[in-house]
2 protein chains.
Amino acid sequence: MCSRTSPRTSRTGRPRSTEADAAILEATRAALVELGWSKLTMGDVATRAGVAKTTLYRRWANKNELVVDAVAVLFDELELPDLGSLRADIEYVVLQFAALLERPETKTALMAVVAESTRDEPLRERIRSSIVERQKRLVLDGRRRAQLRGELPVDRDPVTVEATDGLIFDVIAGAVVHRALVSAEPVDGDWVARLSALLVGGLGAVAAAP
Amino acid sequence: MCSRTSPRTSRTGRPRSTEADAAILEATRAALVELGWSKLTMGDVATRAGVAKTTLYRRWANKNELVVDAVAVLFDELELPDLGSLRADIEYVVLQFAALLERPETKTALMAVVAESTRDEPLRERIRSSIVERQKRLVLDGRRRAQLRGELPVDRDPVTVEATDGLIFDVIAGAVVHRALVSAEPVDGDWVARLSALLVGGLGAVAAAP
DNA sequence: TGCCTTTCGCTACGGGTCGTAGCGTAATGG
DNA sequence: CCATTACGCTACGACCCGTAGCGAAAGGCA
C-alpha cells in the first residue's frame with residue numbers, strides 16, 4: 001500500500017487521497033485481468049481509476065512497483081488452519097496457493113515481476129517483504145505444528161532449521177508455480193496428494209538420517 | 001532456430017541467410033546480458049547483429065519468440081551421465097540446471113517469457129517443445145536408470161507413471177527456479193544435498209505406500 | 001545466359017507509451 | 001489567512017513498435 005516515495009510523516013499540506021490509492025490498485029487488478037501484464041499501461045490504469053496519470057507517478061516509480069502492490073493484497077487471504085496432521089496442512093496450503101495462482105491477475109503478474117526483479121534490487125526487496133515472506137510464514141507455522149504433534153523431530157541446530165525451512169518453502173512454492181505456470185496443468189486433488197506424500201515421506205527420511 | 005513463418009521448402013528465390021540467423025540469436029543473448037529482458041528492443045538487436053530490423057520481423061513475429069529461440073539453444077548443453085545412483089544423478093542435474101539459471105541471459109529471460117506465455121498459447125507451445133521437454137527428458141532418464149538399478153520399483157500403471165514423472169519434474173525444476181530467482185539464494189552443494197535427500201527419501205516412501 | 005522469385009538493407013512513417021514539466025485549483029495544518 | 005502539499009489537466013520530447021515501399025543482391029530454372 002505505502003509507496004516507496006512516501007512522505008515521511010508529512011505534517012502539513014493536503015494529504016494523499018486514500019480513495020485514490022484504493023481506486024488505482026483496484027484498477028490495476030482489473031487491467032491485469034483484461035489485458036495481462038504486457039499490455040497494461042500506466043495511462044490506462046489512470047483512466048480506469050478516474051485519476052490523472054501524474055497521480056500514479058507520485059505514488060509509484062514504475063509499472064513494476066505498482067503491480068506488486070496491487071497483487072500483494074491478494075496474498076493476505078492466505079491462512080493455515082490447524083487440520084490435525086502435517087499432511088492435511090500441506091494439502092490445504094498447496095490448494096490455497098494454487099487457487100491464488102489460478103486467478104488471472106496473479107497468473108500474469110507474478111512471474112513478470114519476478115523476472116523484472118532479477119535486474120532490480122529494490123523491486124526484489126519489495127516482492128520479498130510483501131509477498132514471499134507472507135507465504136513463508138505459513139511454512140514455518142506448519143513445521144512448528146508438526147513438531148508439536150510429534151510428526152517431525154525438534155531440530156536443535158539453528159542452521160539446519162533455517163536451511164530446512166528454506167528448502168521446504170522453495171520445494172512447495174516452486175512445485176506449485178511450476179505446475180501451474182510452466183507445465184500449465186491443473187493443481188488438483190490427485191496431484192496435491194502425490195506431492196504431500198512425497199514431502200511427508202521425504203521429511204521423515206531426512207529427519208531420520210542427519 | 002526455425003521461425004514460425006518458415007517458408008515450407010521454398011525451392012526458388014534467394015535463400016535465408018544462415019549467418020544472419022546465428023548473428024541475430026547471438027546478438028539477442030548479448031543484449032539480454034547487457035540490458036535484460038525489459039530493456040531489450042528489436043532495433044537494438046538488429047543493430048548488434050549488423051542486420052536490418054525488417055530482417056528480424058521476417059523470421060520472428062515478436063520479441064517473445066525471438067528470445068525463446070535465443071535461449072533455447074543453451075538448454076542443449078543439459079545432459080545426464082550415469083553416476084551410479086539416483087541421488088548422484090539428481091544432484092548432478094540440479095547443479096547443472098542451476099548453473100544454467102545463474103547465467104544472466106536465462107535468468108532474465110526465462111521467467112519473462114513464461115509470464116508472457118500465460119496469455120499467448122503459441123508462445124507456450126514453443127517454450128514447451130524447445131525448453132521444457134528438453135529438461136523433462138532428463139527426469140525420465142534418471143527415473144528409468146533408478147528402476148534398472150533397483151532403487152525404485154517398476155510401476156505398471158501407466159497413469160501413475162506419468163503422474164509421478166510430472167510430479168518429480170515440477171518439484172525439481174520448480175524448486176531450483178524458486179530458489180534461484182524468487183528466494184535469490186545460491187544453489188550450492190549443501191542445498192542440493194538436502195533437496196536430493198528429500199527427494200530420494202520421498203520417492204522411496206511414495207513407492208512403498210501406493 | 002536471361003528470367004523469376006525471394007531475401008536483403010535502407011528509409012520513412014503513423015501510432016502508441018513513457019515519464020516529466022508547468023499551471024491553476026483544492027485541501028489540509030498552523 | 002498563509003504556507004504547504006496533492007490534485008487534475010495539458011502538452012511535450014523521447015523512445016519503440018511494426019509495416020510499407022524501394023532498389024539491389026542471390027539463388028533456381030529453362
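Here are four short exercises, each with a worked solution, on a predicted model of two protein chains and two DNA strands.

**Exercise 1: the two chains together**

Work out how many residues of chain A and chain B are in contact, and what kinds of residue and contact make up the interface.

*Solution.*
- Step 1. Start with the count: 46 residues of chain A are in contact with 46 residues of chain B.
- Step 2. Next comes area. The size of an interface is often given as the accessible area lost when the parts come together. For chain A and chain B, about 3,700 Å² is buried between them, with 66% of it on carbon and sulfur atoms.
- Step 3. Now look for specific pairs. Twelve residue pairs are in polar contact across the interface of chain A and chain B, while the count of salt bridges between these chains is zero.
- Step 4. Find the elements. On the side of chain A that touches chain B, those giving two or more residues are α1 (18–35), α6 (104–117), α7 (121–149), α8 (158–182) and α9 (189–208). It's α8(A) that gives the most, with 14 residues.
- Step 5. Sort by class: this side of chain A has 27 nonpolar, eleven polar and eight charged residues.

**Exercise 2: the symmetry**

Find the turn and the shift that lay chain A on chain B, and name the relation.

*Solution.*
- Step 1. A turn of 180°, with a shift of 0.0 Å along the axis, lays chain A on chain B with an RMSD of 0.1 Å.
- Step 2. So what you have is the relation of a two-fold axis.
- Step 3. Check the contact surface too: 100% of the contact residues of chain A recur in chain B, and the same surface serves both copies.

**Exercise 3: DNA strand D**

Describe the protein surface near DNA strand D, and say which residues come nearest.

*Solution.*
- Step 1. There are 25 residues around DNA strand D, and the nearest are Arg14(A), Thr55(A), Arg58(A), Arg59(A) and Tyr57(B).
- Step 2. Ask which part of the strand faces the protein. Sugar or phosphate holds 63% of the atoms of DNA strand D within 4 Å of the protein, and bases hold the rest.
- Step 3. Look at some phosphate oxygens of DNA strand D. One is 2.7 Å from a polar side-chain atom of Arg59(A). For a polar side-chain atom of Tyr57(B), the distance to a phosphate oxygen is 2.9 Å. Ala52(A) uses its backbone instead, with a polar atom there 3.3 Å from a phosphate oxygen.
- Step 4. Place the surface on the fold: α3 (53–59) of chain A, along with α2 (42–49) and α3 (53–59) of chain B, give two or more residues. The largest share, four residues, is from α3(A).
- Step 5. By class, you get seven nonpolar, eleven polar and seven charged residues near DNA strand D.

**Exercise 4: DNA strand C**

Now do the other strand: which residues are closest to DNA strand C, and which of its atoms lie by Arg14(B) and Thr55(B)?

*Solution.*
- Step 1. DNA strand C is surrounded by 23 residues, the closest being Gly13(B), Arg14(B), Thr55(B), Arg58(B) and Arg59(B).
- Step 2. Of the atoms of DNA strand C that come within 4 Å of the protein, 60% belong to sugar and phosphate.
- Step 3. Take the named residues. Arg14(B) has a polar side-chain atom 3.1 Å from a base oxygen. In Thr55(B), a side-chain N or O atom is 2.5 Å from a phosphate oxygen.
- Step 4. Finish with the elements: α3(B) supplies the largest share of the surface near DNA strand C, four residues.

How values were computed. Residues are numbered from 1 along each chain as its sequence is written. Chains are lettered from A and ligands numbered from 1 in the order in which they are written. This is a predicted model: local features need pLDDT of at least 70, side-chain atom pairs count only at pLDDT 80 or more; totals for chains, interfaces and linings use all residues. Side-chain values use heavy atoms; hydrogens and water are left out. A residue is near a molecule or strand if one of its heavy atoms lies within 4 Å of it. A polar contact is a pair of N or O atoms within 3.5 Å; within protein, one must be able to donate a hydrogen and the other to accept it, and residues adjacent in sequence count only if both atoms are side-chain atoms. Ala, Val, Leu, Ile, Met, Phe, Trp, Tyr, Cys and Pro count as nonpolar, Asp, Glu, Lys and Arg as charged, and the others, Gly among them, as polar. Contact means heavy atoms within 4.5 Å. Buried area is the accessible area (1.4 Å probe) that two parts lose on being put together, summed over both. A salt bridge is a side-chain nitrogen of Lys or Arg within 4 Å of a carboxyl oxygen of Asp or Glu. Copies are superposed by least squares on the C-alpha atoms of residues with pLDDT of at least 70 in both.
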